[in-house]
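Let's take a friendly walk through a small protein chapter by chapter. Have the sequence and the 3D view open as you read.

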Amino acid sequence: MTMNSNGLPNFSHIFIIVMENKEAKNPLLEQEIRDKINKLLEARGYPVATSFDKADYYLFFSYGLGEPPRTTVVTQEYGC
């Protein structure tokens with residue numbers, strides 16, 4: 001597999017569409033986030049599909065406002 005200029009796999013022939021939640025409580029924020037994701041994908045060489053039918057992959061996203069949930073992860077200490 002070839003790599004693009006950012007060192008990521010070259011998927012120039014695979015199209016991605018960023019899905020928008022039509023039931024979002026804040027549709028303006030939803031569209032702004034979707035547009036930013038599209039710009040980031042394009043900047044890294046990933047083509048963004050213009051329609052659902054032309055997409056090979058569908059990217060769903062979610063976000064939250066307010067205090068993030070707290071989680072604890074226990075891992076083995078390395079190098080000891």
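## The chain at a glance

Of the chain's 80 residues, 22% count as buried. Keep in mind as you look around that this is a predicted model. The accessible surface adds up to about 7,000 Å², and carbon and sulfur atoms hold 55% of that area.

The secondary structure consists of 1 helix and 2 strands. If you read along the sequence, these elements follow the pattern β-α-β. Now think about which residues touch: among contacts with a separation of 6 or more, 66% are between residues 24 or more positions apart.

## Helix α1 and its two sides

Helix α1 covers residues 27-43, which makes 17 residues. From its first C-alpha to its last it reaches 24 Å, close to the 24 Å expected at 1.5 Å a residue. Just after α1 comes glycine 45, which takes a positive phi of about 90°.

Which residues of α1 are buried? They are Glu30, Arg34, Ile37, Asn38 and Leu41. Looking down the axis of α1, you would find its buried residues within an arc of 100°, so they line one face of the helix. The cover over these buried residues includes β1 (16-18) and β2 (57-59). On the other side of α1, by contrast, Leu28, Lys39 and Ala43 are exposed.

## The nonpolar core

Which residues make up the largest nonpolar core? This core has 7 residues: Ile16, Val18, Ile37, Leu41, Tyr46, Val48 and Phe61. Both β1 and α1 take part, each supplying at least two residues of this core.

Valine 48, one of the core residues, is a good place to zoom in. Leaving aside its neighbours within four places in sequence, valine 48 is in contact with Phe15, Ile16, Asn38, Leu41 and Glu42.

## A closer look at asparagine 38

Asparagine 38 appears in that list of contacts of valine 48, and its own place is in helix α1. Is asparagine 38 buried or exposed? The cut-off for buried is under 20% relative accessible area. Asparagine 38 has 14% relative accessibility, so this residue counts as buried.

What does asparagine 38 touch, once its neighbours within four places in sequence are left aside? Its contacts are Val18 and Val48. Val18 and Val48 also belong to the largest nonpolar core.

## Two salt bridges

How many salt bridges does the structure hold? There are 2. One joins arginine 34 to glutamate 20, with the closest N and O atoms 2.1 Å apart. This pair links distant parts of the chain: arginine 34 sits in helix α1, while glutamate 20 is in the loop between β1 and α1, 14 residues apart. Arginine 34 is among the buried residues of α1, whereas glutamate 20, at 23% relative accessibility, counts as partly exposed.

In the other salt bridge, the side chains of lysine 36 and glutamate 32 meet at 3.3 Å, N to O. Here both residues lie in helix α1, 4 residues apart, which is about one turn of the helix. Glutamate 32 has a relative accessible area of 42% and is partly exposed.

Notes. Residues numbered from 1 in each chain as written. Predicted model: local features only at pLDDT ≥ 70, side-chain atom pairs only at ≥ 80, totals over all residues. Heavy atoms only, no water. Expected span 1.5 Å × (residues − 1). Buried < 20%, exposed > 50% of the residue type's maximum accessible area, 1.4 Å probe, protein only. Arc of directions from axis to C-beta. Contact = heavy atoms within 4.5 Å. Areas by Shrake-Rupley, 256 points an atom, 1.4 Å probe, with all protein chains shown as cover. Core = buried A, V, L, I, M, F, W, Y, C linked by side-chain atoms within 4.5 Å. Salt bridge = Lys/Arg side-chain N within 4 Å of Asp/Glu carboxyl O.
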